Amino acid sequence: MALPKYKTSRANTHSRRANWKASAAQTVTCPNCGAPTLPHVACPSCGSFRGRVYRDAIQSAHTK
Ligand SMILES: [Zn+2]
């Protein structure tokens, strides 16, 4: 396996990592309750996905 010949300087490491940014998760609106939810995932607020309820809600508007 190839090995790096020199230690990467702190400036190079930091300037490379300066472009790492967290991006906001894309959300879709739940057709059942209208809450924002992750695509292709059962809604955390009502537990429904594609017209069926798959599990209990993790957190609903009433528990908060
Ligand atoms: Zn929902």
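## Zinc site and pocket in a predicted model

In the protein chain, residues 24 or more positions apart account for 0% of the contacts with a separation of 6 or more. The model is predicted. Its protein chain has one helix and four strands, and along the sequence these follow the pattern α-β-β-β-β. Of the 64 residues in the protein chain, 16% are buried.

**The zinc site**

The zinc ion has four protein donors: the SG atoms of Cys30, Cys33, Cys43 and Cys46, which lie 2.2 to 2.4 Å from the ion. The angles among the four donor atoms are 106 to 114 degrees, and the site is tetrahedral. That assignment follows because four donors count as tetrahedral if all angles lie between 85 and 135 degrees. Along the chain, the donors are spaced as C-x2-C-x9-C-x2-C. Cys33 sits in the loop between strand E1 (28-29) and strand E2 (36-37), while Cys46 sits in the loop between E2 and strand E3 (48-49), so this pair ties together parts that are 13 residues apart in sequence. A search for disulfides across the whole structure finds zero.

**Accessibility around the site**

Relative accessibility is listed below for two of the zinc donors and for Ser48, a residue of strand E3.

| Residue | Relative accessibility | Class |
|---|---|---|
| Cys33 | 38% | partly exposed |
| Cys43 | 1% | buried |
| Ser48 | 9% | buried |

The classes follow from the cut-offs: buried means under 20% relative accessible area, and exposed means over 50%, with partly exposed in between. Cys43 at 1% therefore counts as buried, as does Ser48 at 9%. Cys33, at 38%, counts as partly exposed.

**Ser48 and the largest pocket**

Leaving aside residues up to four places away in sequence, Ser48 touches Cys30, Asn32, Ala42, Cys43 and Val53. Cys30 and Cys43 are also among the protein donors of the zinc ion. Ser48 thus has contacts to donor residues and also appears in the lining of the largest pocket.

The largest pocket has a volume of about 170 Å³. Its lining consists of 16 residues, and those nearest the pocket centre are Pro31, Val41, Ser48, Phe49 and Arg50. Strands E1 and E3 each supply at least two residues of this lining. The zinc donor Cys33 lies in the loop that follows E1 and leads to E2.

Methods:
Residues are numbered from 1 along each chain as its sequence is written. This is a predicted model: local features need pLDDT of at least 70, side-chain atom pairs count only at pLDDT 80 or more; totals for chains, interfaces and linings use all residues. Side-chain values use heavy atoms; hydrogens and water are left out. Donors are N, O and S atoms within 2.8 Å of the metal (3.2 Å for Na, K and Ca); water is not among the atoms, so sites may look incomplete. Four donors count as tetrahedral if all angles lie between 85 and 135 degrees; four count as square planar and six as octahedral if opposite donors are over 155 degrees apart and all others between 65 and 115; anything else is irregular. Buried means under 20% relative accessible area, exposed over 50%, partly exposed in between (1.4 Å probe, protein chains only). A disulfide is a pair of cysteine sulfur atoms within 2.5 Å. Contact means heavy atoms within 4.5 Å. On a 1 Å grid over the protein atoms alone, a cavity is a set of points where a 1.4 Å probe fits but cannot get out, and a pocket is an open set with protein on both sides within 12 Å along at least five of seven lines; lining residues have an atom within 4 Å of a point. Grid points are joined across faces, edges and corners, and a volume is the space filled by probe spheres set on the points.
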